[in-house]
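Me: I've got this model open and want to know how the labels on it are earned. Can you take me through the reasoning?

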Amino acid sequence: MGVSRKTLAREQNQTAYLFLLPWLIGFFCMTAGPMLGSLYLSMTKYNLLSPPSWIGMDNYVQIFTNDSTFMGSLWLTFKYVFISVPLRLAFALLVAVALNKGIRALGIYRTIYYIPSLLGGSVAIAIVWRQIFDGTGAVNKALAWLGIKGPSWIAHPDYIVYTIVTLSVWQFGSAMVIFLAGLKQIPADLYEASQVDGARKWNQFVSITLPILTPVIFFNLIMSVIHSFQAFTPAFVIGDGRGGPLDATMFYTLYLYLKGFSFFDMGYASALAWIMLLIIGALTAIIFVTSKYWVFYGDNKDGR
């Protein structure tokens, strides 16, 4: 009996390995392999035409000591992330709370609000957005109807980044759907008990909705930060593919793209990619570490 059990366990393990094999092949061929290749290229001089030549850490030294565009693109990307992520999450939560009131045709509204998340990353939407915020676009026509003369949003370096932020906030659908699913899990008894105690809607939102929803907020925050650091298409299209005007749309991903595919400095671009990976990893780790102070799980005995 003992031998048969061992044989059965061995067969089960072999079956599990067979089920995992396609994922493992995909992981090593499509993820781990290219990542290791990129790490190697980041320590070489490689122009796509000749074989890469080993230069050690020279690319990284050049980035941190003699590349002003790197610091400018990094600062612009941080600015974009720290403005767009809170606005998008707040707007998504607001819409989710509104849709959670038991309105009719909820599925239709949910689909309508989710569509921008599916279309927002496309080149076509970025072109439409560029036309809307052009000097003679729909936004300025609406302002003119109110007697306000609007600037040329995409031609002024002080305003163009905010048009991209607005596009990011418009893509709130995926976060909204996740928030709505979290709101559906909150027991109605809690709200009824608080009403008996005289709590108002705002008190219920602050004392019941937000604390219970913090795990969902935590997940959406992580995903939104990672997604925002990867923003590329809007900056490329609205900024004419060169970061204009005056590098006002030179996002980190756009700078990486230009280095790799316009200047054919693939080794340098690989180093930039690894720096971005480390930055995203560091920010994600900070959010995870600080989450114990503001994310509350129902199974924690101390209330956290």
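Reply: Sure, and keep in mind that this is a predicted model. Let's start with a lysine: Lys-259 lies over the face of Phe-263, at 5.7 Å from the ring centre.

Me: What makes 5.7 Å from the ring centre of Phe-263 count for Lys-259?

Reply: The limit for NZ of Lys is within 6 Å of the ring centre, and Lys-259 sits at 5.7 Å from that of Phe-263. The charged end of Lys-259 also sits over the ring of Tyr-268, 4.7 Å from its centre.

Me: Why is the pair of Phe-70 and Tyr-252 called edge-to-face?

Reply: There are 21 aromatic pairs by this rule. For Phe-70 and Tyr-252, the centres are 5.9 Å apart and the planes make 70 degrees. Centres must lie within 6.5 Å and planes over 60 degrees count as edge-to-face, so the name fits. This pair links distant parts of the chain, with Phe-70 in helix α3 and Tyr-252 in helix α12, 182 residues apart.

Me: How do you know whether Phe-70 is buried or exposed?

Reply: Buried means under 20% relative accessible area. Phe-70 has 1%, so Phe-70 is buried. Tyr-252 has 2%, so Tyr-252 counts as buried too.

Me: And why does Phe-27 count as partly exposed?

Reply: Partly exposed runs between the 20% and 50% cut-offs. Phe-27 comes to 31%, so that is the label for Phe-27. Phe-27 is in helix α1, and helps make a nonpolar surface patch of about 650 Å² together with Tyr-17, Leu-20, Trp-23, Leu-24 and Phe-28.

Technical notes
Residues are numbered from 1 along each chain as its sequence is written. This is a predicted model: local features need pLDDT of at least 70, side-chain atom pairs count only at pLDDT 80 or more; totals for chains, interfaces and linings use all residues. Side-chain values use heavy atoms; hydrogens and water are left out. Patches are made of residues with over 30% relative accessible area and no salt bridge: like charges are joined within 9 Å, nonpolar side chains (Val, Leu, Ile, Met, Phe, Trp, Tyr) within 5 Å. Accessible areas come from the Shrake-Rupley method with a 1.4 Å probe; for residues, only the protein chains shown count as cover. A salt bridge is a side-chain nitrogen of Lys or Arg within 4 Å of a carboxyl oxygen of Asp or Glu. Helices (H or I, at least four residues) and strands (E, at least two) are DSSP runs, numbered from the N terminus. Buried means under 20% relative accessible area, exposed over 50%, partly exposed in between (1.4 Å probe, protein chains only). Rings of Phe, Tyr and Trp (its six-membered ring) pair if their centres lie within 6.5 Å; planes under 30 degrees apart count as stacked, over 60 as edge-to-face and the rest as tilted. A charge sits over a ring if NZ of Lys or CZ of Arg is within 6 Å of the ring centre and within 35 degrees of the ring normal.
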